[in-house]
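Here is a short tour of one protein chain, written for someone who likes to look at coordinates. Please have the viewer open as you read.

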Amino acid sequence: MRKAFAAVGAAALFAACLAASPALAAAPAPPPASDVAYRLGVGDRVRIRVLEWRSAVGEVHEWSALNTDVKVGPGGNVSLPLLGAVQAQGSTTQQLADTISDRLQTSLKLSIRPRTSVEIVQYRPFYILGNVNKPGEYPYRPGMTVLQAVSIAGGMYRIKDADVMLTTSGDLRVLRLEYAGLLARHARLQAELNGATAIAFPAELARQKNDPAVAQMIGREQSMFVARAQATRAQEDALGRLKSVLNAEVGSLEAKMKNVDRELAMLKGEVTSTTQLVQRGLATAPREFTLRQTMLETADQRIDLDTAVLRAREDIAKADQALVDLHNKTASEIETELSDSEAKLSQTAARIATDETMLGQLPAGPGGAAAGDSGAAAAYTIVRPSDGRIKEVQANEMTLVEPGDTIKVAVPVRQANSAVTDP
């Protein structure tokens, strides 16, 4: 008992109190004050802890297989042992905890509902682009304002050298090619995840197919799509052939078993006849002994055939499981790559937007000037996912930022006399 309480510490004492008071145990734990209104989304990382009070032995059982940190995946789910995918997107931490407890009790037919706690250990990031020094993706902190987000991104952008525009023009071309490559990769991964027979490249990419560099990227992704599909099919075919061989082996063994069964029936009849003859003095006892020994040896062969059939069927089951594991592993790898490509697409889009802004600016003087030195105040726009839609919110420096927000920072600047075109 002391060892169990030492392992779980204060959580065990609290669970013991709950067990002593049925009314208290039935009431759900109040959510943390900071997470009352917060809804989980893709990219959030949460820490899950499951405890169960076992009154029969007077111990608190800790579900170590479920006590882990997990990330809300692209589909809005968290993947947990025993439960599989659990919907997390749109839920509060308390709602997710209740869902896990309910599903554990239902699926495992537990008499006492386990207690689950869910804590956010890392919020999904926010993005900032436009007239800031370091646009991109940054970790979110609760209570963050737009002004603090701008500060994290290095403050307002300052142009220090007119030659920067020449560099930016070349960088923009590289970034756009990088973005096109990421779009092609994202389309290929999405097609693989959906089990499609061909890649549906976005129209934005199709319009650039005459660009040799873009055409090369599209061709490379198509080759990778075909290669991965062929590799998967090869593994599936190998497992399928193995199953065919094993099924044929089972059929052959079952045919042998029928022959042995017939032989045993014949031997049994012959032993019975010989025994009667021995009793009447018409046959010798050694003859009966030999027949009985032969019958026992044949029965042993029958048992060996049974064992061989069981082993073959076990190998068939293993081949079936290998097929399931192959599909699950492939899907998991694709989802990981897809999530990574989406993050890189957001980062590259932010850098492109910044370079495009720079190309429309001229330095105010030899010493350089801030992008906003024209006297106008910066304008902030927040692009925010909400209920499956994207909405734009006009903001100011004190507007609170939410995880997943994209902050656009725009400052009126003096324009160049002639527009700079994309090379």
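How many aromatic pairs does the structure hold? There are three of them, and we will come back to them once the overall picture is in place. Please keep in mind that this is a predicted model.

## Overall picture

The protein chain has 423 residues, and 35% of them are buried. Its secondary structure consists of nine helices and 13 strands. If we take the contacts between residues at least 6 apart in sequence, 66% of them join residues at least 24 apart.

On the outside, the chain exposes about 24300 Å², and 55% of that area comes from carbon and sulfur atoms.

## How far to trust the coordinates

The mean pLDDT of the chain is 79, and 80% of the residues score at least 70. Confidence is highest in helix 5 (residues 146-152), at a mean of 93, and lowest in helix 3 (residues 22-26), at 34.

Two stretches deserve your caution. Over residues 362-375 the pLDDT stays under 50, and the model gives this stretch 28 contacts beyond four places in sequence. Residues 414-423 also have a pLDDT below 50, with 16 contacts in the model beyond near neighbours in sequence. Where pLDDT is low, the predicted coordinates should not be read in detail.

## Strand 1 and its partners

Which strands pair with strand 1 (residues 45-54) in the antiparallel sense? Strand 6 (residues 115-122) is one of them, joined to strand 1 by seven bridges; here Arg47 stands opposite Glu119.

Strand 3 (residues 68-71) runs antiparallel to strand 1 over four bridges, and Ile48 faces Thr68 in that strand. Strand 2 (residues 59-62) is also antiparallel to strand 1, again with four bridges; Leu51 stands opposite Glu62 there.

## The aromatic pairs

Back to the three aromatic pairs. In one of them, the ring centres of Tyr38 and Tyr123 lie 5.1 Å apart and the planes meet at 80 degrees, so this pair is edge-to-face. The two residues are 85 apart in sequence: Tyr38 sits in the loop between helix 3 and strand 1, while Tyr123 belongs to the loop between strand 6 and strand 7 (126-130).

Are these two tyrosines buried or exposed? Tyr38 counts as buried because its relative accessibility is 13%, under the 20% cut-off. Tyr123 is buried too, with a relative accessible area of 13%. Ring pairs also bring in Tyr140, linking Tyr38, Tyr123 and Tyr140 into a cluster.

Definitions and conventions:
Residues are numbered from 1 along each chain as its sequence is written. This is a predicted model: local features need pLDDT of at least 70, side-chain atom pairs count only at pLDDT 80 or more; totals for chains, interfaces and linings use all residues. Side-chain values use heavy atoms; hydrogens and water are left out. Buried means under 20% relative accessible area, exposed over 50%, partly exposed in between (1.4 Å probe, protein chains only). Contact means heavy atoms within 4.5 Å. Accessible areas come from the Shrake-Rupley method with a 1.4 Å probe; for residues, only the protein chains shown count as cover. pLDDT is the predictor's confidence in each residue, from 0 to 100. Two strands pair if DSSP finds at least two bridges between them. Rings of Phe, Tyr and Trp (its six-membered ring) pair if their centres lie within 6.5 Å; planes under 30 degrees apart count as stacked, over 60 as edge-to-face and the rest as tilted.
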